[in-house]
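Welcome! Here is a short tour of two spots in one protein chain. Have a look at the structure first, and then we can walk through them together.

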Amino acid sequence: MSSSIPSLDAQLLLAQIRALGEIGSDAPGEGRTRIALTDADRAGRDLLVRWMRELELDVRIDRIGNIFGILRAATTEGDARPLMIGSHIDTVRNAGALDGCYGVLSGLAVARAWRAAGVAPPRAIVVAAFTNEEGVRFQPDMMGSLVHAGGLALREALDAVGTDGTRLGDELARIGYAGELEPGAIRPHEYLELHIEQGPILEAEGQSIGVVENLQGISWQKLTVHGTANHAGTTPMRLRHDAGYAAAAVVAFLREQVAACSGGTTLATVGSLRLEPDVVNVIARKAIFTVDLRDPDEPRLQAAERRLAEFLVELARREGVEIQAERLARFEPVVFDAGLAAEIESSARHLGLTSRRMTSGAGHDAQMIARIAPAAMIFVPSRSGISHNPREHTDDAQLVQGARVLLEVVLRRLQQTHKESQ
C-alpha cells in the first residue's frame, strides 16, 4: 500500500446529503417523499449513479434493482470478496433527509477518500444502495437486501403487488433499474452500515457513536375484521357486530397486554387503519389495519404473536365478527459480528469519540446481509430521537464524526487485509 492515507471530504459529503434530500421534496416543511420505484426514486437513483461514475466506480445493477458502485482493488484477488458499505435511498412519506441516504453517501465518501489519495485498496470497496428498504409501497421491507442474501426468491419479489396495485417487476423496468446482475453475485467479505440512530439514547446520554450489537426481531401482520354495517342510531350496542370496535379493542390490547407481559421489551404498533364504509352514521362493516411487533428476543416475540392470536380468536367469538390475519413480514433478531463491533468501538476511541454498545429498534439492510457475511452498524445521534419525519435531524458535526469512524474502520480492516496478503 502507498503511504498516502485516505481522508474524508466532509463538506462534499454534507453537500451531497443536501442535494439528494431535495429530490422528491414535498411542500415547505413537509420533508421529501421518495418511495421505492416511483419517479422520485428514479431521480434519486440517477443522481447516485452519476456520482458513482464521476468517481470512476464500476456501477452494477442487479435484477431486483440494487445498485453497486465498485472501487476495484489493487489485485484481482482483492476484488473477489469486497468490503461492502451500504444502506438505501428510498424513503417513507414526508421523510427526513438522512435515513438510509447518510449511509450510502458516507460509503461513497469512503470510496472518494481512496480515489483522492491516489491508491487502490487491497480489497475492493463496494458501495451498495438496496431496493425498497422501507417497504411502504411493496412488502416485505428490506426487500433488496433480503433477495441479495437469498432470503426471498427473486421471482416472488418481482411479482409483489404494491399498495397501488402495481407489480414490482413492472415498476422496476419502468424506471429503468431492472438490471442484469444476478442477486447475490457480489458476496461481501464484510459489511458495514452507518446510520442515524432514529432513537433518543445517544443524545440523552451524550454519546457520539453507537456500536450496534444487535437488531430487534420484527413481525408485521395485516388484520382484516369483517363485521356488519348497520344504522348508528337504531342498533343497540349489545346487538352490534362492529368491525371498528374490534379494531380498537386490538389496539388497546396491544398497548395494555402485549408490552406489559414482556417486561417492556416488546414494542407494538398499529400504524395503518382503514374503516369501511367510513361514514359517520354507519357501523363499520370492515376494518383493515396493520400490527407491527418487535423484540430483541425471539422467544418473547413469539410469545407476543401467540398472545395476539389468542386474543383475536376470543374477540371474534365475543363480538360476532370474522378476523383474518395475513403475515406481511417476519424477521428474527440479529446479532452482529463481535469483531467488527470491537473495531468500531476501538476506532471511535482512537478518534477521541465516546461510544456505547446498543440495540437497534429499527430494521436495516445490515440484518439481511448478516445472513451471508460478518456485519455491523455504526449509529450517530438523532435529535430528540425523531425519524420518519421532516424534523429528523443530526448535526453536521455529528454526521462527519460518524463518517470518519466509518473510514477509520475501513482503513483498519483493509490494513489487516494488506498484512495478511504479504
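Is Val 282 buried or exposed, or partly exposed? This is a predicted model, and in it Val 282 is partly exposed, with a relative accessible area of 31%. That value lets Val 282 count towards a surface patch, because patches are made of residues with over 30% relative accessible area. Together with Val 279 and Val 280, Val 282 makes a nonpolar surface patch of about 270 Å². To find Val 282, look in the loop between β9 (273-276) and β10 (286-295).

Now for the second spot. The UniProt annotation "binding site", from an unreviewed entry, covers Asp 99, Glu 134 and His 388. These residues span 290 residues in sequence, yet no two of their C-alpha atoms are more than 10.0 Å apart, so they gather at one spot. Asp 99, Glu 134 and His 388 are also taken in by the lining of the second largest cavity.

Two of these residues can be set side by side:

| Residue | Loop between | Relative accessible area |
|---|---|---|
| Asp 99 | β3 (83-87) and α4 (101-117) | 7%, buried |
| Glu 134 | β4 (125-129) and α5 (143-148) | 10%, buried |

What is Asp 99 in contact with, leaving aside its neighbours within four places in sequence? The partners of Asp 99 include Glu 134 and His 388, and among them are also His 88, His 195 and Glu 392. With the same neighbours left aside, Glu 134 is in contact with residues including Asp 99, His 388, His 88, Asp 90, Asp 141 and Trp 220.

Notes. Residues are numbered from 1 along each chain as its sequence is written. This is a predicted model: local features need pLDDT of at least 70, side-chain atom pairs count only at pLDDT 80 or more; totals for chains, interfaces and linings use all residues. Side-chain values use heavy atoms; hydrogens and water are left out. Patches are made of residues with over 30% relative accessible area and no salt bridge: like charges are joined within 9 Å, nonpolar side chains (Val, Leu, Ile, Met, Phe, Trp, Tyr) within 5 Å. Accessible areas come from the Shrake-Rupley method with a 1.4 Å probe; for residues, only the protein chains shown count as cover. A salt bridge is a side-chain nitrogen of Lys or Arg within 4 Å of a carboxyl oxygen of Asp or Glu. Helices (H or I, at least four residues) and strands (E, at least two) are DSSP runs, numbered from the N terminus. Buried means under 20% relative accessible area, exposed over 50%, partly exposed in between (1.4 Å probe, protein chains only). UniProt positions are given in the numbering used here, feature names are shortened, and annotations may be inferred rather than shown by experiment. On a 1 Å grid over the protein atoms alone, a cavity is a set of points where a 1.4 Å probe fits but cannot get out, and a pocket is an open set with protein on both sides within 12 Å along at least five of seven lines; lining residues have an atom within 4 Å of a point. Contact means heavy atoms within 4.5 Å.
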